[in-house]
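Reader: I'd like to learn how to read the features of a model like this one. Can you take me through them one at a time?

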Amino acid sequence: MIKCEGWFKSYPVGQRMYPVLKGLEFEIDTGEFVALMGRSGSGKTTVLNILGLLDHLSAGTYWLAGQAMMGHSSRALAAFRNTFIGFVFQHFFLLPRLNILDNVCLPLQYYAGDRDQAYAHCLQLMKRLGIAEFAQQMPAQLSGGQQQRVAICRALACKPKVLLADEPTGALDAQNSEEIMSLFKELNEEDGLTVFMITHDSELAQQSQRVLHLVEGQIELNTQELSG
């Protein structure tokens, strides 16, 4: 599903360029659940943003579902993003003036497929994740765990092939964190969704199928294979 070759990424800091990624390479198979760990400032979020087509490489190649992601226009990248990728963040980023149903269905305004079918898909997701009863409520009326479920429904609205999660339990208590991780595992194991999660929590990472360690801009060679 994902193939990254020779990734380099630098950012300007003052008069110099600061290198974050230094020849990073890894692959993720279709249907894998992979966690990426690394110290604060190691470049984890940079990797996720490039995978999500929100940032670009300084050098290297990126293949998503067999298609090269380099050299495309912003409009073409947005189309790839809407077709293939869903995002879940530490902070839920729900729009406070929209009710829960409208928040979940928000990505459909950019969806190129059958909108009626996608709308029905959103309603089914809300039932599956246990938030259908809150459809007409506002985000502030929900708990943190419930809001994260809304955010996950929104990420899945356009039926992505890959779910990218950035510290998805960072704002949750232990019980809600466990429930969200169980949901990710269910989506991965039962629906075949490819999941890529960045986290600083080793216990959460252990629940994935494979853990990558980002060290000095590269993937550490002793990548940990897990039994699931």
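Author: Let's start with the vocabulary: helices (H or I, at least four residues) and strands (E, at least two) are DSSP runs, numbered from the N terminus. With that in hand, leucine 64 sits in strand β4. A word on the source: this is a predicted model, in which local features need pLDDT of at least 70, side-chain atom pairs count only at pLDDT 80 or more, and totals for chains, interfaces and linings use all residues. Residues are numbered from 1 along each chain as its sequence is written, and side-chain values use heavy atoms, with hydrogens and water left out.

Reader: Is leucine 64 buried or exposed?

Author: First the cut-offs: buried means under 20% relative accessible area, exposed over 50%, and partly exposed in between (1.4 Å probe, protein chains only). Leucine 64 has a relative accessible area of 1%, so it is buried.

Reader: And which residues is leucine 64 in contact with, leaving aside its neighbours within four places in sequence?

Author: Contact means heavy atoms within 4.5 Å. On that basis leucine 64 touches Met1, Ile2, Met69, Phe84, Ile85 and Val162, with neighbours up to four places away left out. You can also look at C-alpha distances: leucine 64 and leucine 51 are 13 residues apart along the chain, and their C-alpha atoms are separated by 8.4 Å.

Reader: Leucine 51 belongs to α1, right? Which residues of α1 are buried?

Author: Lys44, Thr46, Val47, Leu48, Ile50 and Leu51 are the buried ones in α1. That is 6 of the 8 residues of the helix (residues 44-51), so α1 is largely enclosed by the rest of the structure.

Reader: What about α2, which residues are buried there?

Author: In α2, residues 74-84, the buried ones are Leu77, Phe80, Arg81 and Phe84. Seen down the axis of α2, these fall within an arc of 100 degrees, so they line one face of the helix. The arc is that of the directions from the helix axis to the C-beta atoms. As for partners, the buried residues of α2 pack against β4 (59-64), β5 (67-68), β6 (85-89) and β7 (162-166).

Reader: How do I read a pair of packed helices?

Author: Two packed helices are described by the angle between their axes and the distance between the axes. Axes are lines fitted to C-alpha atoms, for helices over the stretch in contact, and angles run from 0 to 180 degrees between N-to-C directions. Here, take α5 (residues 144-156) and α6 (residues 174-191): their axes come within 10 Å and cross at roughly 20 degrees. That makes α5 roughly parallel to α6, given that angles under 35 degrees count as roughly parallel, over 145 as roughly antiparallel, 65 to 115 as roughly perpendicular and the rest as oblique.

Reader: Which residues make the contact?

Author: On the α5 side they are Gly145, Gln148, Arg149, Ile152 and Leu156, and on the α6 side Asn176, Glu179, Ile180, Leu183, Phe184 and Leu187. By type, the contact of α5 with α6 divides into 6 nonpolar, 3 polar and 2 charged residues. For that sorting, Ala, Val, Leu, Ile, Met, Phe, Trp, Tyr, Cys and Pro count as nonpolar, Asp, Glu, Lys and Arg as charged, and the others, Gly among them, as polar.

Reader: Can we zoom in on glycine 145? Where is it placed?

Author: Glycine 145 is in helix α5, and with 3% relative accessibility it counts as buried. Apart from neighbours within four places in sequence, glycine 145 contacts Leu172, Asn176 and Ile180. The C-alpha atoms of glycine 145 and leucine 172 are separated by 6.5 Å, with their places 27 residues apart along the chain.

Reader: What does glutamine 147 touch?

Author: Glutamine 147 is also a residue of α5, buried at 16% relative accessibility. Not counting residues up to four places away in sequence, glutamine 147 touches Phe92, Leu94, Pro139 and Leu142.

Reader: Last topic, backbone angles. Which phi does phenylalanine 93 have?

Author: Phenylalanine 93 has a phi near 55 degrees, a positive value in a residue other than glycine. Phenylalanine 93 lies in the loop between β6 and α3 (100-105) and is exposed, with a relative accessible area of 54%. Alanine 65, not a glycine either, has a positive phi of about 50 degrees. Alanine 65 is in the loop between β4 and β5 and counts as partly exposed at 34% relative accessibility.
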